[in-house]
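Please walk me through this two-chain model, beginning with how strands face one another and ending with the pocket. I would like the reasoning kept close to the coordinates.

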Amino acid sequence: MSGTAVITREETREKRALDVPWNVVVHNDPVNLMSYVTMVFRRVLGFSREKAVRHMLEVHHKGRSLVWSGERERAEAYVEQLHGYLLLATLERAEL
Amino acid sequence: MRLTRQSPEAWQLQDIPPFFAVMLADLPRLAALHGEARERLYPDPVAADGAGDGLLSDWREHVVPGLERLFATSREIVARDIAAMDAGAESARLAIPGKNIDAWLNALNQARLVIAGRNGFLEADLDSREAPDLSAARGVDLLRLHFYAHLQEVLVGAAG
């Protein structure tokens with residue numbers, strides 16, 4: 001096995017780790033208003049009204065809703081924005 | 001109490017009863033009492049068993065200060081609007097520029113989270129149809145929370 005092959009494999013493994021999709025999850029809390037949560041989903045995530053309402057209701061009834069999946073940096077940015085609106089949001093590594 | 005549009009960029013809250021004008025005036029002070037609600041206002045971005053690669057410490061070092069500034073700015077904007085409230089003996093009027101509505105939504109949410117946090121209000125408390133017991137501080141806080149919720153609902157409508 002050549003050194004080049006080892007390095008290539010490690011780089012590939014690192015890249016794969018970075019590529020793992022990350023989920024943005026919004027959790028229910030009793031304080032935020034349904035209309036407010038819908039407005040925030042539309043603004044931050046660019047959802048249509050129908051999609052925003054659907055996710056808001058999922059948060060309300062199921063306690064959480066996965067609102068976005070993708071690369072980590074962008075997921076972190078979404079969570080930061082959602083915290084700015086005082087929504088309870090977390091970042092989760094997607095299960096593959 | 002009603003919110004009317006004075007121009008494309010200006011709203012006015014009219015016919016505010018004196019009792020509620022006092023609650024409005026108290027909003028910026030109350031919204032700043034983050035103490036017991038701090039964990040809710042600045043939640044961790046991952047669950048306890050989350051990323052575990054320094055994200056949490058980076059978040060607390062870099063993101064939380066930005067959120068603190070954002071929340072403080074919202075309270076300052078709201079405080080300036082409230083300072084200009086026209087309070088008469090019968091009712092008050094309050095001008096809310098359209099560009100300040102987001103700050104109002106944010107400050108109202110801060111205050112509502114603070115009130116819920118310091119009283120330990122649960123969904124059942126907030127959904128209860130019983131009139132709050134205004135002889136107790138907890139009951140006054142519940143009324144205050146509902147009043148701020150009503151105002152927030154109206155402003156969400158204005159924000160479109």
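In this predicted model, His27(A) stands opposite Leu88(A), a residue of strand E3(A). A second facing pair that involves E3(A) is formed by Trp22(A) and Arg93(A), and the two strands concerned, E1(A) and E3(A), run antiparallel and are joined by six bridges. Towards its other partner, E1(A) is again antiparallel, with six bridges joining it to E2(A), and here Val24(A) is found opposite Trp68(A) of E2(A).

Taken together, these pairings describe an open sheet of three strands in chain A, with the order E2-E1-E3 and antiparallel pairing. Strand E2, residues 64-70, and strand E3, residues 88-93, stand at the edges of this sheet, and because each has a single partner strand, one side of each is left without a neighbour in the sheet. From one strand to the next, the twist averages 25°. Strand E1(A) has five of its six residues buried, and it is therefore largely enclosed by the rest of the structure.

One residue of that strand deserves a closer look. Asn23(A) lies in strand E1 of chain A, and its relative accessible area is 11%, which means that it counts as buried, since the cut-off for that class is under 20%. The side chain of Asn23(A) is joined to the side chain of Ser69(A) by a polar contact of 2.3 Å. As a general point about such elements, the side chains in a regular strand alternate between the two faces of the sheet.

Seen as a whole, chain A has a secondary structure of four helices and three strands, and its elements follow the sequence α-β-α-α-β-α-β from the N terminus on. Chain A has 96 residues, of which 42% count as buried.

A residue outside the sheet offers a contrasting setting. Ser48(A) is placed in the loop between H2 and H3 of chain A, and with a relative accessible area of 36% it is partly exposed, because that value falls between the limits of 20% and 50%. The side chain of Ser48(A) reaches the backbone nitrogen of Lys51(A) at 3.1 Å. Along the chain, Ser48(A) and Leu66(A) are 18 residues apart, and their C-alpha atoms are separated by 16 Å.

Chain B can be read in the same order, from its sheet outwards. Its open sheet consists of four strands in the order E1-E2-E4-E3, with antiparallel pairing. The edges are taken by strand E1, residues 2-7, and strand E3, residues 86-87, of chain B, each of which has a single partner strand, so one side of each is left without a neighbour in the sheet. Strand E3(B) is joined by two bridges to strand E4 of chain B, residues 92-97, and the two run antiparallel. Within this pairing, Asp86(B) stands opposite Arg93(B) of E4(B).

The secondary structure of chain B comes to seven helices and four strands, which are arranged from the N terminus on as β-β-α-α-α-α-β-β-α-α-α. Of its 160 residues, 46% count as buried, and the C-alpha trace of chain B spans about 55 × 40 × 25 Å along its principal axes.

What remains is the largest pocket, to which elements of chain A and chain B both contribute. The space within this pocket is about 330 Å³, and 22 residues line it, with Pro30(A), Val31(A), Asn32(A), Leu33(A) and Met34(A) lying nearest its centre. The elements that give two or more residues to the lining are, in chain A, strand E1 (22-27), helix H2 (34-45) and helix H3 (49-62), and, in chain B, helix H6 (123-127) and helix H7 (137-159). Which of these elements gives the most to the lining? That element is H7(B), with four residues. By residue class, the lining of the largest pocket divides into 12 nonpolar, five polar and five charged residues.

Methods:
Residues are numbered from 1 along each chain as its sequence is written. Chains are lettered from A and ligands numbered from 1 in the order in which they are written. This is a predicted model: local features need pLDDT of at least 70, side-chain atom pairs count only at pLDDT 80 or more; totals for chains, interfaces and linings use all residues. Side-chain values use heavy atoms; hydrogens and water are left out. On a 1 Å grid over the protein atoms alone, a cavity is a set of points where a 1.4 Å probe fits but cannot get out, and a pocket is an open set with protein on both sides within 12 Å along at least five of seven lines; lining residues have an atom within 4 Å of a point. Grid points are joined across faces, edges and corners, and a volume is the space filled by probe spheres set on the points. Ala, Val, Leu, Ile, Met, Phe, Trp, Tyr, Cys and Pro count as nonpolar, Asp, Glu, Lys and Arg as charged, and the others, Gly among them, as polar. Buried means under 20% relative accessible area, exposed over 50%, partly exposed in between (1.4 Å probe, protein chains only). A polar contact is a pair of N or O atoms within 3.5 Å; within protein, one must be able to donate a hydrogen and the other to accept it, and residues adjacent in sequence count only if both atoms are side-chain atoms. Two strands pair if DSSP finds at least two bridges between them. Axes are lines fitted to C-alpha atoms, for helices over the stretch in contact, and angles run from 0 to 180 degrees between N-to-C directions.
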